[in-house]
Amino acid sequence: MSDYIASALSRDEHFRIFAADATQTVREAQRRHDTWSASSAALGRTLVATALLAASGLKNADDMLTVRIKGDGPVGALVTDGTNVGTVRGYVEEPHVNLPLNLVGKIDVARAVGKRGLLAVTKDIGVGDPFTGQVPLVSGELAEDFTYYLAKSEQIPAAVGLSVFVNADNTIQVAGGFMLQALPGANDAELSELEANVKTLPLVSELLKSGLTPEQIIQRIAGDEPVQFLDAQPLKFACNCSKEHFGDIMATLPHAQLQEMIDQDGGAETTCKFCGNQYHYSVADLEALMPDTNSCS
Ligand code: ZN
């Protein structure tokens with residue numbers, strides 16, 4: 001089944017609840033970057049959060065949201081971005097990190113990411129300069145860090161759950177998450193009630209493994225109250241890179257550097273950090289990037 005994000009309003013439109021099945025998306029990221037368990041969990045959780053933030057915080061098709069996390073743990077930096085049309089992409093600086101399980105028998109994401117560091121979210125909505133909100137990491141487990149980001153930087157009382165189940169062979173069994181946001185008009189009693197529902201909710205990975213849909217997860221969070229479902233959005237890992245895109249960047253290199261690639265290397269290779277795609281540039285490709293050869297055809 002394909003990934004998607006379900007969303008709904010609850011309690012007189014005082015709350016928005018999003019839930020995502022991101023299994024295929026995180027599988028694709030794991031496969032492309034060959035991540036090991038701790039790196040997979042950290043990148044997967046960040047991708048799920050990015051998808052949920054993009055679904056909740058962007059309005060137009062060209063809008064883009066970028067998440068940068070830099071903690072003091074062994075996975076290093078995490079960089080992801082997401083669009084309003086349900087695509088996400090991203091990478092982790094150190095893909096090959098495995099760690100012993102933590103005290104509750106789970107992948108130790110807090111140790112992998114680190115407990116000290118920064119989480120920054122940049123929104124580029126096409127008008128004006130992109131806006132960045134930045135907060136210190138508060139746990140390194142990431143769900144709490146995104147909850148803290150929403151509260152501090154966007155003044156949105158929220159609860160976030162992010163969950164990736166990694167198989168023994170490093171492949172991804174399931175991945176998903178939820179995001180509960182209080183809207184203007186929400187009162188503290190309602191918020192406490194929903195937060196209590198969230199606290200008793202099993203991990204999203206457990207719910208997905210037992211066959212629950214994102215809609216059913218939303219209903220579990222809403223409790224006995226009715227929910228009004230909005231349009232679901234498909235979700236997938238996708239990168240907008242291309243040979244032309246990297247060619248445009250290479251064309252800005254000094255002439256001498258391009259000439260060196262032609263004379264000494266007989267071509268050039270470039271790899272997209274976000275998706276791992278490799279592009280080869282032949283001597284003819286590189287010559288075509290040089291301003292002189294472009295103008296004397
Ligand atoms: Zn790419």
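This short presentation covers the zinc site and helix H2 of the structure shown above.

Good morning. Please keep in mind that this is a predicted model.

I begin with the zinc ion. Its protein donors are the SG atoms of Cys 239, Cys 241, Cys 272 and Cys 275, at 2.2 to 2.3 Å from the metal. The angles among these 4 donor atoms run from 102 to 115°, and the site is tetrahedral. Along the chain, the donors are spaced as C-x1-C-x30-C-x2-C. Within that pattern, Cys 239 and Cys 272 are 33 residues apart and link distant parts of the chain. Cys 239 belongs to the loop between strand S12 (236-237) and helix H8 (243-250), while Cys 272 sits in the loop between strand S13 (268-271) and strand S14 (278-281).

Are these donor residues buried or exposed? Cys 272 has a relative accessible area of 4% and is therefore buried, the limit being under 20%. Cys 275, at 2% relative accessibility, is likewise counted as buried. Cys 239 is at 24%, so this residue counts as partly exposed.

On the subject of cysteines, how many disulfides does a search of the whole structure find? The search returns 0.

I turn now to helix H2, which comprises residues 37-57. At 1.5 Å a residue, its 21 residues should span 30 Å, because the expected span is 1.5 Å times one less than the number of residues. The end C-alpha atoms of H2 lie 29 Å apart, which agrees with that expectation. The helix is also mostly covered, with 20 of its 21 residues buried.

Thank you; I welcome your comments.

Methods. Residues are numbered from 1 along each chain as its sequence is written. This is a predicted model: local features need pLDDT of at least 70, side-chain atom pairs count only at pLDDT 80 or more; totals for chains, interfaces and linings use all residues. Side-chain values use heavy atoms; hydrogens and water are left out. Helices (H or I, at least four residues) and strands (E, at least two) are DSSP runs, numbered from the N terminus. Buried means under 20% relative accessible area, exposed over 50%, partly exposed in between (1.4 Å probe, protein chains only). A disulfide is a pair of cysteine sulfur atoms within 2.5 Å. Donors are N, O and S atoms within 2.8 Å of the metal (3.2 Å for Na, K and Ca); water is not among the atoms, so sites may look incomplete. Four donors count as tetrahedral if all angles lie between 85 and 135 degrees; four count as square planar and six as octahedral if opposite donors are over 155 degrees apart and all others between 65 and 115; anything else is irregular.
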